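Let's take a walk through this one together. Have the viewer open and turn things around as you read.

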There are 2 protein chains.
Amino acid sequence: MAEEKPHCKVVLANSIAKSLLEEVHDGLKKIDRKPLLVGFLSSADPAARVYAEWTGKTCNENGFAFELREVDRELLEDAIIDANNDAKVDGIIVYYPIFGNRQDQYLQQIVDVSKDVEGLSHRYIFNMYQNIRFLDEHNQKKSLLPCTPLAVIKILEYLRIYNTILPYGNRLHGRTVTVINRSEVVGRPLAALLANDGACVYSVDIEDVQQFHRGEGLRKRRHEVVEKPGWTLENCLPLSDVVISGVPGDKYKVPLNLLREGAVCINFSSERNFSPEVKEKASIYVPAIGKVTIVVLLRNLLVSKR
Amino acid sequence: MAEEKPHCKVVLANSIAKSLLEEVHDGLKKIDRKPLLVGFLSSADPAARVYAEWTGKTCNENGFAFELREVDRELLEDAIIDANNDAKVDGIIVYYPIFGNRQDQYLQQIVDVSKDVEGLSHRYIFNMYQNIRFLDEHNQKKSLLPCTPLAVIKILEYLRIYNTILPYGNRLHGRTVTVINRSEVVGRPLAALLANDGACVYSVDIEDVQQFHRGEGLRKRRHEVVEKPGWTLENCLPLSDVVISGVPGDKYKVPLNLLREGAVCINFSSERNFSPEVKEKASIYVPAIGKVTIVVLLRNLLVSKR
């Protein structure tokens, strides 16, 4: 008998975005006007412009107003402050990189917390690492999460990797996840979020491997980070049911021979970190996540209005 | 700060049985009369009588008629044949052990396939091992599965271990399961069923460890069995996200130190194979399954009438 085709399910960002958009449409109905998202483009990076155009298109198609403000980078700080003070503006997104150095982080903190739909304000980031999920004492106002890590989480929920039979906050209990990339923007916050939800996470970068985890039986309220001296992907990948990779550039490929048979593989790099043969071993493969990230931005805007 | 309580979710058979009963009630509505289940009790085993009483109670509470026929074991063969030929009888269950030897297996095969709600007929068992899911060419009539292994599968579905985003037949792809016990009645068929659904299963008994699996990428149509020479629980448990144990007697305990943190633990022995400390390490723990098994019996009866 001829061998059958591999049984990997390829899930495209589009299908996941669609299911999230339904939630966004429901949220919109509860608001009496069209929310206005303002985007600031001061970046010379062509990818930033493409991302801005995508945002505009997604807004227009889904009942949001979008205004792109192209500003000289030296005038950007004042322009953001004006938008902070303008009651007509509901959300602000700034397309990075601009200066490409620490001045970009300074600009991120200029955006008013109540309009920061990217979830990059220090208060949000602090709450995220501390596993504090609400802004107020009565657990009414949710603390936003940074867009790209949140997009990965929404994908894991869609893929039923989050087990809804477990209590909220522990739904990844028993999952082992490897995250390849430990940038401050995506990799490190993502590892923290997954560990706060109960997963055992191996965070891998070019230098070393760290384990993020809440301890046996999830006894700790938030994750702790432990160095794994001498560890590499050879140690983490064979243990991991989920592998999430976001290495920039087109050279890097996840070594498929180390992958656990039936692993769930998600790529958040703009390049493909998994070669096509991943489908012969993975149970689920998500090749890109960009479209989900933009919908998460709109969702964050609605959550911040509640 | 004081350490928090362990976060294991204990799921009782009752809650799972309830959700299955809803399905059974829906199925009953499609039938124009009250189905009759006949139970044959020729066993001196007090556990058999208890199980018979439970069956009767569950039938009466849920719209089924139940008739218990107590028959001398030497007359049982003829009594089963009479029930086979009686159009009023919809399903037959025989409480074992009776002779406690191969004659019991002979009696199992006396029950007509169309009335065998326990799913023990050779044709059903053959289909199960061969991963043939229907009795007819047009995939209209489902081939029944043996009650107790099917109860475990229904529990794994309830616990969302079966991932419904994956296609039917592959929903355990990527899961690693250890089944402790390889009896012909439960352990071996269960290992086969789980592997046919895509899991990598380690089947453990006192003698050895066998791996049941459909191969990398689930290329094979049905599982194959590979001996794992020299393997013990020390090799399987640390790899397994799900541990299912059914060792008879009150002496045996699963060695918790070998358990993967956050594993799902299910006990199908009438004794407790997991000591209470399992809750400090498992994400989900199901201490007993008996009540689910009886509901599965009623479900099998309805499926066989379709």
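By what turn, and with what shift along the axis, can chain A be laid on chain B? Keep in mind that this is a predicted model. The turn is 180 degrees with a shift of 0.0 Å along the axis, and the RMSD of the fit is 0.0 Å. That is how a two-fold axis relates its copies. Look at the contact residues too: 100% of those in chain A recur in chain B, so the same surface serves both copies.

Next, pick out the pieces of a single chain. Chain A splits into domain 1, residues 32-127, and domain 2, residues 149-291. Taken over C-alpha atoms, the centres of these two domains of chain A are 28 Å apart.

The UniProt record, an unreviewed entry, offers its own way of carving up the chain. It annotates residues 14-118 of chain A as "domain: Tetrahydrofolate dehydrogenase/cyclohydrolase catalytic". That stretch of chain A, 14-118, is 47% helix and 16% strand, and its end C-alpha atoms sit 20 Å from each other. The annotation "domain: Tetrahydrofolate dehydrogenase/cyclohydrolase NAD(P)-binding", also from an unreviewed entry, covers residues 146-206 of chain A. Here, over 146-206 of chain A, helix makes up 36% and strand 16%, with 23 Å between the end C-alpha atoms.

Now for the inside. Which residues have the most contacts within the largest nonpolar core? They are Leu37(B), Leu156(B), Leu159(B), Leu194(B), Val201(B), Ile244(B) and Ile266(B), in a core of 61 residues. Both domain 1 (32-120) and domain 2 (149-291) of chain B feed into this core, with at least three residues from each. Apart from it lies another core, this one of 60 residues, including Leu21(A), Val24(A), Val201(A) and Ile266(A). To get a feel for the packing in chain B, zoom in on Leu156(B): once you set aside neighbours within four places in sequence, it is in contact with Ile161(B), Tyr162(B), Leu194(B), Val242(B), Ile244(B) and Ile266(B).

What about cysteines? The disulfide count over all chains is zero. Take Cys59(A): the nearest cysteine sulfur belongs to Cys147(A), 12 Å away, while a disulfide would need the sulfur atoms within 2.5 Å. Cys59(A) is buried, at 0% relative accessibility. Over in the other chain, Cys59(B) is in no disulfide either, and its nearest cysteine sulfur, on Cys147(B), is 12 Å off. Cys59(B) is buried as well, with 0% relative accessibility.

Finally, some backbone details. The peptide bond from Tyr96(A) to Pro97(A) is cis, with omega near -5 degrees. You'll find Pro97(A) in the loop between strand S4 (91-95) and helix H4 (102-108) of chain A. In chain B, Tyr96(B) and Pro97(B) are also joined by a cis peptide bond, with omega about 0 degrees, and Pro97(B) lies in the loop between strand S4 (91-95) and helix H4 (102-108) of that chain.

Two non-glycine residues of chain A are worth a click for their phi angles. Asn139(A) has a positive phi of about 55 degrees, and its place is the loop between helix H5 (122-130) and helix H6 (147-158) of chain A. Leu218(A) also has a positive phi of about 55 degrees, in the loop between strand S7 (209-213) and strand S8 (224-227) of chain A. Which is buried and which partly exposed? Asn139(A) is partly exposed, with a relative accessible area of 46%, whereas Leu218(A) is buried, at 0% relative accessibility.

Notes: Residues numbered from 1 in each chain as written. Chains lettered and ligands numbered in written order. Predicted model: local features only at pLDDT ≥ 70, side-chain atom pairs only at ≥ 80, totals over all residues. Heavy atoms only, no water. Least-squares fit on C-alpha atoms with pLDDT ≥ 70 in both. Contact = heavy atoms within 4.5 Å. Core = buried A, V, L, I, M, F, W, Y, C linked by side-chain atoms within 4.5 Å. Buried < 20%, exposed > 50% of the residue type's maximum accessible area, 1.4 Å probe, protein only. Domains from an automatic or database assignment. UniProt positions renumbered as here; feature names shortened; annotations may be inferred. Helix = DSSP H or I, 4+ residues; strand = E, 2+ residues; numbered from the N terminus.
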